[in-house]
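User: Could you take a close look at one part of this model for me? I'd like to see how that part ties in with the rest of the chain.

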Amino acid sequence: MNKYSSQHRAAEQARAAATVSVPSSASNSLIKNTYMLLSMTLFFSGAVAWFAANAHARPLGFLPTIILMFGLLFLLNAVRNSVWALPVVFLFTGFFGYTLGPVIGYYLQTPGGTNVLVTALMGTGVTFGALSIYALTTRKNFNFLSGFLFAGIIVVLLAALANFFLKMPVLYLVISAVSVLLACGFILFDTSRIVNGGETNYVMATVSLYLDIYMLFVNLLSLLSAFNRN
């Protein structure tokens with residue numbers, strides 16, 4: 001019995017080692033492709049945002065933005081494994097860049113707005129970099145955050161809907177602060193999924209991280225703007 005148990009444990013350890021070694025190589029390739037594509041989409045999105053800001057583009061409005069966003073997400077999910085995935089992901093991130101155009105244009109024309117904009121960009125970059133490096137180097141599994149993040153998003157959406165009618169500045173700041181914390185949690189969660197095999201499609205992994213960065217930047221910009229006005 002002891003001999004069998006020792007052999008059984010040895011076999012289990014060998015199987016575990018083999019299981020870990022394969023995804024490790026695959027995850028390295030996935031990480032490389034994801035961050036290369038993420039860099040390109042961020043650059044493209046920023047260029048579109050800058051063009052829209054200088055062209056004095058008008059905001060699309062809440063309803064058209066929501067419809068287009070979910071429509072592009074549905075399309076992207078449908079073509080995620082085809083040759084159309086890359087063109088659609090650039091269309092998706094370009095659309096988000098366009099939505100930022102009027103916001104950036106507003107801050108560029110507001111006294112002190114340029115400083116707020118630059119600070120938000122630097123804060124987003126430093127925060128994303130630090131959290132990503134932590135998740136990539138430790139390879140810690142952050143799946144335990146999934147329930148908390150999902151509940152947090154629901155609460156934020158309900159609070160934002162309520163504040164659409166209430167128009168309370170304090171609640172607006174609370175929503176932005178909570179959204180910043182949620183964005184940080186999503187960065188850890190999504191990076192962990194890429195590292196540990198929870199996401200194997202680099203296009204969808206890129207989209208997840210892009211949305212995390214977008215959420216972090218927009219809400220950090222709102223908080224800094226509010227404190228600057230104060």
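Analyst: Let's start with helix 7, since this is where a lot comes together. Helix 7 supplies 14 residues to the lining of the largest pocket, the most of any element. Keep in mind that this is a predicted model. The pocket itself comes out at about 2,200 Å³, and 48 residues line it. Sitting nearest the pocket's centre are Phe62, Ile66, Leu157, Tyr214 and Val218. Helix 7 has company in that lining: helix 2, helix 3, helix 5 and helix 6 also put in at least two residues each.

Now for the packing. Helix 7 covers residues 202-229, and Leu221 is a good place to zoom in. The largest nonpolar core has 55 residues, and Leu221 is among those that touch the most other members, along with Leu38, Leu76, Phe96 and Phe128. Every one of the following gives two or more residues to that core: helix 1 (2-54), helix 2 (62-78), helix 3, helix 4 (113-138), helix 5 (146-166), helix 6 (169-195) and helix 7. Helix 7 has the largest share here too, with 13 residues. So what does Leu221 touch, leaving aside its neighbours within four places in sequence? The contacts are Val103, Tyr107, Val116, Leu117 and Ala120.

Two of those contacts, Val103 and Tyr107, take us to helix 3, which runs over residues 85-109. With 25 residues at 1.5 Å each, helix 3 should span 36 Å, and its end C-alpha atoms lie 37 Å apart, so the two figures agree. There is still a bend to look at: helix 3 has a kink of about 30° at Leu100, shortly before the proline Pro102.

Further back along helix 3 you'll find Gly94. Its relative accessible area is 9%, under the 20% cut-off, so Gly94 counts as buried. Setting aside neighbours within four places in sequence, Gly94 is in contact with Phe44 and Val48. Ala47 is worth a glance as well: Gly94 and Ala47 are 47 residues apart in sequence, yet their C-alpha atoms are 8.6 Å apart in space.

Stepping back to the whole chain, we have seven helices and zero strands, so from the N terminus the order reads α-α-α-α-α-α-α. Of the 230 residues, 39% count as buried. Take the contacts between residues at least 6 apart in sequence, and 83% of them join residues at least 24 apart.

Finally, a look at two of the loops. His56 is in the loop between helix 1 and helix 2, and Lys167 is in the loop between helix 5 and helix 6. Phi of His56 is near 55°, a positive value in a residue other than glycine. Lys167 also has a phi near 55°, and it too is not a glycine. Are these loop residues buried or exposed? His56 has a relative accessible area of 58%, which is over the 50% cut-off and therefore exposed. Lys167, at 63%, counts as exposed for that reason too.

Back where we began, then: helix 7 gives the most to the lining of the largest pocket and the largest share of the core, while its Leu221 makes contact with Val103 and Tyr107, among others.

Technical notes:
Residues are numbered from 1 along each chain as its sequence is written. This is a predicted model: local features need pLDDT of at least 70, side-chain atom pairs count only at pLDDT 80 or more; totals for chains, interfaces and linings use all residues. Side-chain values use heavy atoms; hydrogens and water are left out. Helices (H or I, at least four residues) and strands (E, at least two) are DSSP runs, numbered from the N terminus. The expected span of a helix is 1.5 Å times one less than its number of residues. The bend at a residue is the angle between axes fitted to the seven residues ending there and the seven starting there. Buried means under 20% relative accessible area, exposed over 50%, partly exposed in between (1.4 Å probe, protein chains only). Contact means heavy atoms within 4.5 Å. A nonpolar core is a set of buried Ala, Val, Leu, Ile, Met, Phe, Trp, Tyr and Cys residues joined through side-chain atoms within 4.5 Å. On a 1 Å grid over the protein atoms alone, a cavity is a set of points where a 1.4 Å probe fits but cannot get out, and a pocket is an open set with protein on both sides within 12 Å along at least five of seven lines; lining residues have an atom within 4 Å of a point. Grid points are joined across faces, edges and corners, and a volume is the space filled by probe spheres set on the points.
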